[in-house]
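Hi everyone, thanks for coming along. Today I'd like to walk you through one structure, and I'll take it slowly for anyone who is new to it.

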Amino acid sequence: MIIFEQTLDRVGRSGLERFLRQARKLTGVQGEVAVLIAGRKRIQELNRRFRRKNAPTDVLSFPRNNGQGGAGGDIAICAEICRDNARRFGHSAAQELKVLLLHGMLHLAGYDHETDEGQMARKEATLRARLKLPATLIGRASIRRGSKS
């Protein structure tokens, strides 16, 4: 199920649902996945409520079964950050949305790039290449951190 609280240009529900099914299969997520595409305020509210971080973010994942992985869950994506990242990295909002969905789906599958010593980054890079998607979220974060030093 996909809920558009905020729309993105040239992003159709049917194409996105097809991608979601494909990403679920490739990541091994068995349960149902619901996706919310919302504005900055809504994402910031969710981030504050569930992660105690009072700022908007690009993607949030809420796994079922206490985070054991693979049982499905919910993904929330910030439409404005998606749009901004697409412009910054030189690809379409539809491609960026798929990058964010794949990243969120990997979290639902049980991966955690903050603690897994690169396992999620490697899996995301492999799937991104297979799906012909632009640079991964983890890779971009590493580049940004590296450039600030």
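Let me begin with a term: accessible areas here come from the Shrake-Rupley method, with a 1.4 Å probe. Please also keep in mind that what you see is a predicted model. With that term in hand, the protein chain has an accessible surface of about 8400 Å². Carbon and sulfur atoms account for 45% of that surface. As for the inside, the chain has 149 residues, and 43% of them count as buried.

Now, how is the chain built? There are 6 helices and 4 strands in the protein chain. If you read along the sequence, the order is β-α-β-α-β-β-α-α-α-α. How do contacts spread along the sequence? Take the contacts between residues at least 6 apart in sequence: 63% of them join residues at least 24 apart.

Let's look at a pocket next. In general, rolling a probe the size of a water molecule over the atoms shows where empty space is left. I've picked the second largest pocket, with a volume of about 200 Å³. Which residues line the second largest pocket? They are Ile3, Ala34, Val35, Leu36, Arg42, Leu46, Phe50, Phe62, Asp74, Ile75 and Ala76. Three elements each give two or more residues to this lining: β2 (33–38), α2 (40–51) and β4 (73–78). Sorted by class, the lining has 9 nonpolar residues, 2 charged ones and no polar ones.

On to the cysteines. A general reminder: a disulfide is a covalent bond between the sulfur atoms of two cysteines. How many disulfides does the structure hold? The count is 0. Take Cys78, which is in no disulfide: the nearest cysteine sulfur is that of Cys82, 8.5 Å away. Why no bond for Cys82? Because its sulfur lies 8.5 Å from the closest cysteine sulfur, in Cys78, and that is too far for a bond. Is Cys78 buried or exposed? Cys78 is buried, with a relative accessible area of 0%. Cys82 is buried as well, with a relative accessible area of 0%.

From Cys82 we can step over to a helix. Val99 sits in helix α4, which covers residues 93–108. Along the chain Val99 and Cys82 are 17 residues apart, and their C-alpha atoms are separated by 9.4 Å. Val99 has a relative accessibility of 2%, so it counts as buried.

Next, a spot where loops meet. Arg64 is in the loop between β3 and β4, and Glu32 is in the loop between α1 (13–27) and β2. How open are these two? Arg64 counts as partly exposed, at 32% relative accessibility, while Glu32 is exposed, with a relative accessible area of 53%. Setting aside residues up to four places away in sequence, which residues does Arg64 touch? The answer is Glu32, Ala71, Gly72, Gly73 and Asp74. You may remember Asp74 from the lining of the second largest pocket. Now turn to Glu32: leaving out its neighbours within four places in sequence, Glu32 is in contact with Arg64, Gly72 and Gly73. Two distances help to place this spot. The C-alpha atoms of Glu32 and Ala71 are 7.5 Å apart, with their positions 39 residues apart along the chain. For Arg64 and Leu108, 44 residues apart along the chain, the C-alpha separation is 7.7 Å.

Finally, a look at the backbone. As a general point, most residues other than glycine have a negative phi. Arg52 has a positive phi of about 60°, although it is not a glycine. Where is Arg52 found? In the loop between α2 and β3 (59–63). Arg52 is also exposed, with a relative accessible area of 73%. Lys132, which is not a glycine either, has a positive phi of about 60° too. Lys132 lies in the loop between α5 (119–130) and α6 (137–148). With a relative accessible area of 69%, Lys132 is exposed.

That's my tour. Thanks for listening, and I'm happy to go back to any part of it.

Methods:
Residues are numbered from 1 along each chain as its sequence is written. This is a predicted model: local features need pLDDT of at least 70, side-chain atom pairs count only at pLDDT 80 or more; totals for chains, interfaces and linings use all residues. Side-chain values use heavy atoms; hydrogens and water are left out. On a 1 Å grid over the protein atoms alone, a cavity is a set of points where a 1.4 Å probe fits but cannot get out, and a pocket is an open set with protein on both sides within 12 Å along at least five of seven lines; lining residues have an atom within 4 Å of a point. Grid points are joined across faces, edges and corners, and a volume is the space filled by probe spheres set on the points. Ala, Val, Leu, Ile, Met, Phe, Trp, Tyr, Cys and Pro count as nonpolar, Asp, Glu, Lys and Arg as charged, and the others, Gly among them, as polar. A disulfide is a pair of cysteine sulfur atoms within 2.5 Å. Buried means under 20% relative accessible area, exposed over 50%, partly exposed in between (1.4 Å probe, protein chains only). Contact means heavy atoms within 4.5 Å.
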